[in-house]
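Here are a few notes from going through this model, for you to check with the structure open. I start with one strand pairing and work outwards.

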Amino acid sequence: MKALGWFLLCNVMTISAAAAQTPDMKGDWVGKTNTIIAGVGGPHWPDSKGTWEKPLLAQRDITLRIIGQEDRRFWGESIIAGDASSGGTVTTEPFIGTVSKGGDKVMMADTDGYFVGDLSGTTLSYCYLQAGARQANDKPAVATCNDVTKR
């Protein structure tokens, strides 16, 4: 009887593991940024005047548009709406990414930073980091944690 119980438990575990499928990432994931920036410039924050002593705290609409996926790998672009200080200019930046084997973690890289997040159903909660430099003319340091929902 013990052997039968062990056999059934192993089969249930195998079936459960096989049931974990790669989520469909394609589509628009929409939310708001909660960004802190030290430094001037950058593709999404061209009018930033944030400093290390008094960083810019910014919130804008963001869309992660995932246009392609093969297995766990995907690619697309981030789209950040401009604010009044930038004349409402919308900026875009390409990224690539992958979903963990368990389907609950996401890792992405764009042209100058990295995203790491948790995926739960149609919500992606992620943080983004971009290293900056202390000199005024170098790229800014950016940190943000956002929740985006798939439409």
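1. Start with glycine 27: its bridge partner in E4 is isoleucine 66. That pair belongs to the ladder between E1 (residues 27-32) and E4 (residues 61-70), an antiparallel match held by six bridges. Keep in mind that this is a predicted model.

2. E1 also pairs with E10 (residues 141-150), again in the antiparallel sense, this time over three bridges. To find the register, look at valine 30, whose bridge partner in E10 is threonine 149.

3. Back in E4, have a look at threonine 63, which sits in that strand. Is threonine 63 buried or exposed? With a relative accessible area of 15%, threonine 63 counts as buried, because the cut-off for buried is under 20%.

4. Which residues does threonine 63 touch, leaving aside those up to four places away in sequence? The list has Asp28, Trp29 and Val30, plus Glu77, Ser78 and Ile79. Of these, Val30 turns up in point 2 as the partner of threonine 149.

5. Zooming out, the protein chain has one helix and 10 strands. The helix comes at the N-terminal end of the order, and the strands follow it: α-β-β-β-β-β-β-β-β-β-β.

6. Some totals to finish. The protein chain has 151 residues, and 35% of them count as buried. Its accessible surface is about 9100 Å², with 60% of that belonging to carbon and sulfur atoms. Taking contacts between residues at least 6 apart in sequence, 45% join residues at least 24 apart.

Definitions and conventions:
Residues numbered from 1 in each chain as written. Predicted model: local features only at pLDDT ≥ 70, side-chain atom pairs only at ≥ 80, totals over all residues. Heavy atoms only, no water. Pairing = 2+ DSSP bridges. Helix = DSSP H or I, 4+ residues; strand = E, 2+ residues; numbered from the N terminus. Buried < 20%, exposed > 50% of the residue type's maximum accessible area, 1.4 Å probe, protein only. Contact = heavy atoms within 4.5 Å. Areas by Shrake-Rupley, 256 points an atom, 1.4 Å probe, with all protein chains shown as cover.
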